[in-house]
Amino acid sequence: MTQTGTIHTRGDRAVREVLHALVAAWAANDADAFADRYADGATVVLPGGVFHQGREEVRRYLAGAFAGPLRGSTSVDEPESVRLVGDDAAVVVSRSGFLLPGEQTLPADRLRRATWVLSRGDDGWRVEAYHNCPA
């Protein structure tokens, strides 16, 4: 969600486009498209001590989730802060969570605060690290 009057730079928009692509891939329950936005060695830390390392592990985890408990779910991700660190790194803080089929409102127990670290390489912006915790 962008604030009225906020000016976005080209780099800021490119980072936000990655997040939009991730939300779209989740909505399609497409683990391949989702994981493709992650760097090869990316890390993911989730509540409950969950830790994933590497794009392929992220892909496997989401493929299983989309085939099971997250089938038909959609992602909610509203960037609150996008900060470019030099030309090739960014830190994003967002409010996030997921909606199960039929839900219109994100339940409080699934509201998260997320931190994304992205880097820009020859193939564009990729997620290097992701972490979320209860908001």
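Below, a visitor asks how the descriptions of this predicted model are justified, and a guide answers.

Visitor: What makes strand 2 and strand 3 the edge strands of the sheet?

Guide: The open sheet has six strands in the order 2-1-6-5-4-3, with mixed pairing. Strand 2 (50–53) and strand 3 (74–84) each pair on one side only, and that is what makes them the edges. Neighbouring strands in this sheet are turned by 20 degrees against each other on average, direction ignored.

Visitor: How do you know that strand 5 and strand 6 pair?

Guide: Pairing requires at least two bridges between two strands. Strand 5 (residues 112–121) and strand 6 (residues 124–134) have 10 bridges, in the antiparallel sense, so they count as paired. One of the partnerships links Arg120 to Trp125 in strand 6.

Visitor: What does helix 3 touch, and what makes that a contact?

Guide: Contact needs heavy atoms within 4.5 Å. By that test helix 3 (residues 55–67) packs on the sheet, touching strand 1 (38–46), strand 2 and strand 6. The direction of helix 3 makes about 55 degrees with that of strand 1.

Visitor: Why are strand 3 and strand 4 said to pair, and what do they form?

Guide: The requirement is again at least two bridges. Strand 3 and strand 4 have 10, running antiparallel, and therefore they pair. Together they form a hairpin with four residues between them. In its turn, Gly86 has a positive phi of about 70 degrees. Leu84 has Ala90 in strand 4 as its bridge partner, and Val82 stands opposite Val92 in strand 4.

Visitor: How many bridges join strand 4 to strand 5?

Guide: Eight bridges join these antiparallel strands. Arg95 stands opposite Arg113 in strand 5.

Visitor: Why is the link between Arg16 and Asp12 called a salt bridge?

Guide: The name applies when a side-chain nitrogen of Lys or Arg is within 4 Å of a carboxyl oxygen of Asp or Glu. For Arg16 and Asp12 the distance is 3.1 Å, N to O, so the pair qualifies. Both residues lie in helix 1, four residues apart, about one turn of the helix. The structure holds nine salt bridges.

Visitor: What makes the phi of Asn29 worth a remark?

Guide: Most residues other than glycine have a negative phi. Asn29 has a positive value, near 50 degrees, and is not glycine. Asn29 sits in the loop between helix 1 and helix 2 (31–35).

Visitor: Which residues line the largest pocket, and how do you know that they do?

Guide: A lining residue has an atom within 4 Å of a point of the pocket. For the largest pocket, 25 residues form the lining, and Trp26, Leu46, Phe98, Tyr130 and Asn132 lie nearest its centre. The volume of this pocket is about 510 Å³.

Visitor: Which element gives the most to that lining, and how do the lining residues divide?

Guide: Helix 1 gives the most, with four residues. Among the other elements that give two or more are strand 1, helix 3 and strand 4 (89–99). The lining divides into 17 nonpolar, five polar and three charged residues.

Note on methods. Residues numbered from 1 in each chain as written. Predicted model: local features only at pLDDT ≥ 70, side-chain atom pairs only at ≥ 80, totals over all residues. Heavy atoms only, no water. Axes fitted to C-alpha atoms, helices over the stretch in contact; angles between N-to-C directions. 1 Å grid on protein atoms, 1.4 Å probe; cavity = no way out; pocket = protein on both sides within 12 Å on 5 of 7 lines; lining within 4 Å. Points joined across faces, edges and corners; volume = space filled by probe spheres on them. Nonpolar A, V, L, I, M, F, W, Y, C, P; charged D, E, K, R; others polar.
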